[in-house]
Amino acid sequence: MARIKGVDIPDKKVIEIALTYIYGIGRSLSKQILEDAKVDPTKRAGQLDNDELNRIREQIEKYTIEGDLRREVNMNIKTKMEINSYQGTRHKKGLPVRGQRTSRNARTRKGKGKTVANKKK
């Protein structure tokens, strides 16, 4: 099992998909990295030799991913909360941040529904 940026890459997956296990790398960035590293995107991760892995690692170093990206995103959220922007106040209250309605849904952010007494009529 290969390790890239502290993340175990599954051996049985195609390398294009296996790279998406790293936080901050999606399908399009994975394709770009493999193209720049001159690695066949249809190869399985377990079939890669050390030279190919090193070329992939060199290409990944150019991007902000994993711990650095997580830290950057969390700092951006904290900054918004500190300056009391609209998005920051939504983060503080645990409500949807990007303009979604809350009267009917938003259960992912708001949590399990709270029963209101005397609702039936």
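**Exercise 1. Classify Thr 108 as buried or exposed, and place it in the structure.**

Solution. Thr 108 has a relative accessibility of 82%. The cut-off for exposed is over 50%, so Thr 108 counts as exposed. The model used here, and in the exercises below, is a predicted one. In this model Thr 108 belongs to helix H6, which covers residues 107-110. Its C-alpha atom is 28 Å from that of Ala 18, a residue 90 positions away along the chain.

**Exercise 2. Do the same for Val 116: is it buried or exposed?**

Solution. Val 116 lies in the segment that follows H6. Its relative accessibility is 54%. Exposed again means over 50%, so Val 116 counts as exposed. For its position relative to another part of the chain, take Asp 68: the two residues are 48 apart in sequence, and their C-alpha atoms are 43 Å apart.

**Exercise 3. Find which residues have the most contacts inside the largest nonpolar core, and state how many residues that core has.**

Solution. The largest nonpolar core has 20 residues. Those with the most contacts inside it are Ile 4, Ile 15, Leu 19, Ile 22, Ile 25, Ile 56 and Ile 60. Next, ask which elements supply the core. At least two residues each come from strand E1 (2-4), strand E2 (7-9), helix H1 (15-18), helix H2 (27-37) and helix H3 (50-60). H2 gives the largest share, 4 residues.

Then take one core residue, Leu 19, and list its partners. Leaving out residues up to four places away in sequence, Leu 19 touches Ile 4, Ile 25, Ser 30, Ile 33, Leu 34, Ile 56 and Ile 60.

**Exercise 4. Describe how helices H4 and H5 pack, giving the angle and the separation of their axes.**

Solution. Two packed helices are described by the angle between their axes and the distance between those axes. For H4 (residues 66-82) and H5 (residues 86-93), the angle is about 100° and the axes are 7 Å apart. Angles from 65 to 115 degrees count as roughly perpendicular, and H4 and H5 are therefore roughly perpendicular to each other. The residues that meet are Ile 77, Lys 80 and Met 81 from H4, and Gln 87, Gly 88, His 91 and Lys 92 from H5.

**Exercise 5. Lys 38 has a positive phi; find its value and where the residue lies.**

Solution. Phi of Lys 38 is near 55°, and the residue is not a glycine. Lys 38 sits in the loop between H2 and H3. With a relative accessible area of 68%, Lys 38 is exposed.

**Exercise 6. Glu 66 also has a positive phi; determine whether the residue is buried or exposed.**

Solution. Glu 66, not a glycine either, has a phi of about 50°. Glu 66 is part of helix H4. Its relative accessible area is 15%. Buried means under 20%, so Glu 66 is buried.

**Exercise 7. Which residue lies over the face of Tyr 23?**

Solution. Arg 70 lies over that face, at 4.1 Å from the ring centre.

Technical notes. Residues are numbered from 1 along each chain as its sequence is written. This is a predicted model: local features need pLDDT of at least 70, side-chain atom pairs count only at pLDDT 80 or more; totals for chains, interfaces and linings use all residues. Side-chain values use heavy atoms; hydrogens and water are left out. A nonpolar core is a set of buried Ala, Val, Leu, Ile, Met, Phe, Trp, Tyr and Cys residues joined through side-chain atoms within 4.5 Å. Buried means under 20% relative accessible area, exposed over 50%, partly exposed in between (1.4 Å probe, protein chains only). Contact means heavy atoms within 4.5 Å. A charge sits over a ring if NZ of Lys or CZ of Arg is within 6 Å of the ring centre and within 35 degrees of the ring normal. Axes are lines fitted to C-alpha atoms, for helices over the stretch in contact, and angles run from 0 to 180 degrees between N-to-C directions. Angles under 35 degrees count as roughly parallel, over 145 as roughly antiparallel, 65 to 115 as roughly perpendicular and the rest as oblique.
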